[in-house]
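Reader: Could you walk me through this one while I have it open on my screen? I'd like to ask things as they come up.

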Amino acid sequence: MNDEHLILSLTRTELLRIASNDILYIHAEGNYSTLYLTNGEVQQISLQLGTIEQLIKKQLKKTGINLIRIGKSHIINRTYIYKIDTVKQHLILSVGNNGRSVDYNIFEVESKKPRHRFVLRDEHINVCIGDISKEKLKELKELIEK
């Protein structure tokens with residue numbers, strides 16, 4: 001399958017071109033958004049999440065359906081959903097090992113805001129996003145179950 005690319009103008013002199021399947025999730029805080037990629041790379045850009053959402057709809061005709069906005073501050077790639085826990089308010093995304101979650105603690109980064117926990121080893125990345133409302137997680141769960 002040919003992957004589509006999301007093109008984001010960062011400044012007058014910088015452009016970012018990312019394959020849609022390389023986007024793990026996007027987290028926004030105010031006027032800035034942070035893109036978390038499947039290779040572990042993190043890219044901060046000065047675009048609001050609503051603007052990025054519009055660009056996804058405009059530019060990604062086939063693969064844009066995998067990028068779902070949940071709540072005010074997240075767009076996730078549903079391709080990488082491993083686990084949804086509405087009680088603990090956790091969404092776990094997993095990349096690598098054929099989509100199976102790998103629980104390695106070789107390299108772990110925890111941040112307080114947003115509450116995201118990364119576990120990386122070799123080509124495997126797990127991310128636990130813990131700042132999504134129960135209602136949004138329930139909606140996501142129902143969407144995935146369809």
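Reader: Which residue stands opposite Ile76 in S7?
Author: Tyr25 stands opposite Ile76 there, and strands here, like helices, are DSSP runs numbered from the N terminus (E, at least two residues for a strand; H or I, at least four for a helix). Residues are numbered from 1 along each chain as its sequence is written. This is a predicted model, in which local features need pLDDT of at least 70, side-chain atom pairs count only at pLDDT 80 or more and totals for chains, interfaces and linings use all residues, while side-chain values use heavy atoms, with hydrogens and water left out.

Reader: And how many bridges do S3 and S7 share?
Author: Strand S3, residues 23-29, pairs with S7 in the antiparallel sense over three bridges, where two strands are said to pair if DSSP finds at least two bridges between them. Ile26 has Ile75 as its bridge partner in S7.

Reader: Which way do the S7 side chains point?
Author: In strand S7, residues 74-77, His74 and Ile76 point one way and Ile75 and Asn77 the other, and all of these are buried. Buried means under 20% relative accessible area, exposed over 50% and partly exposed in between, with a 1.4 Å probe and protein chains only. Side chains alternate between the two faces of the sheet in a regular strand.

Reader: Why does Asn77 count as buried?
Author: Asn77 counts as buried because its relative accessibility is 1%. Its side chain is joined to that of Thr79 by a polar contact of 2.9 Å, that is, a pair of N or O atoms within 3.5 Å, where within protein one must be able to donate a hydrogen and the other to accept it, and residues adjacent in sequence count only if both atoms are side-chain atoms. Leaving out residues up to four places away in sequence, Asn77 also touches Ser20, Asn21, Ile23, Leu24, Asn66, Leu67 and Leu93, contact being heavy atoms within 4.5 Å.

Reader: What is on the other side of S7, then, and which residue pairs with His74?
Author: Strand S6, residues 67-70, pairs with S7 in the antiparallel sense over four bridges, and Ile70 is the bridge partner of His74. S6 and S7 make a hairpin with three residues between the strands, in which Gly71 takes a positive phi near 80°.

Reader: What's the strand order of the whole open sheet?
Author: The order is S5-S4-S3-S7-S6, five strands in an open sheet with antiparallel pairing. S5 (42-45) and S6 stand at the edges with a single partner strand each, so one side of each is left without a neighbour in the sheet. Helix H1 packs on the sheet, touching S3, S4 (32-37), S5, S6 and S7, and its direction makes about 35° with that of S7; axes are lines fitted to C-alpha atoms, for helices over the stretch in contact, and angles run from 0 to 180 degrees between N-to-C directions.

Reader: Back to Ile26: buried or exposed?
Author: Ile26 is buried, with a relative accessible area of 0%. Beyond residues up to four places away in sequence, Ile26 touches Ser33, Thr34, Leu35, Leu49, Ile52, Ser73, His74 and Ile75. Thr34, whose place is in strand S4, is buried too, at 13%.

Reader: Different topic: what does S1 pair with?
Author: Strand S1, residues 5-9, pairs with S2, residues 15-19, in the antiparallel sense over five bridges, and the two form a hairpin with five residues between them. Ser9 stands opposite Leu15 in S2. S1 has a covered face, Leu6 and Leu8, and an uncovered one, His5, Ile7 and Ser9.

Reader: Which element has the lowest mean pLDDT?
Author: Strand S10, residues 107-111, has the lowest mean at 38, whereas H1, residues 49-59, has the highest at 95; pLDDT is the predictor's confidence in each residue, from 0 to 100. Over residues 98-113 the pLDDT is below 50, and this stretch has 31 contacts in the model beyond near neighbours in sequence. Where pLDDT is low, the predicted coordinates should not be read in detail. The mean for the protein chain is 78, with 75% of its residues reaching 70 or more.

Reader: Last one: how many helices and strands are there?
Author: The protein chain has two helices and twelve strands, and of its 146 residues 42% count as buried.
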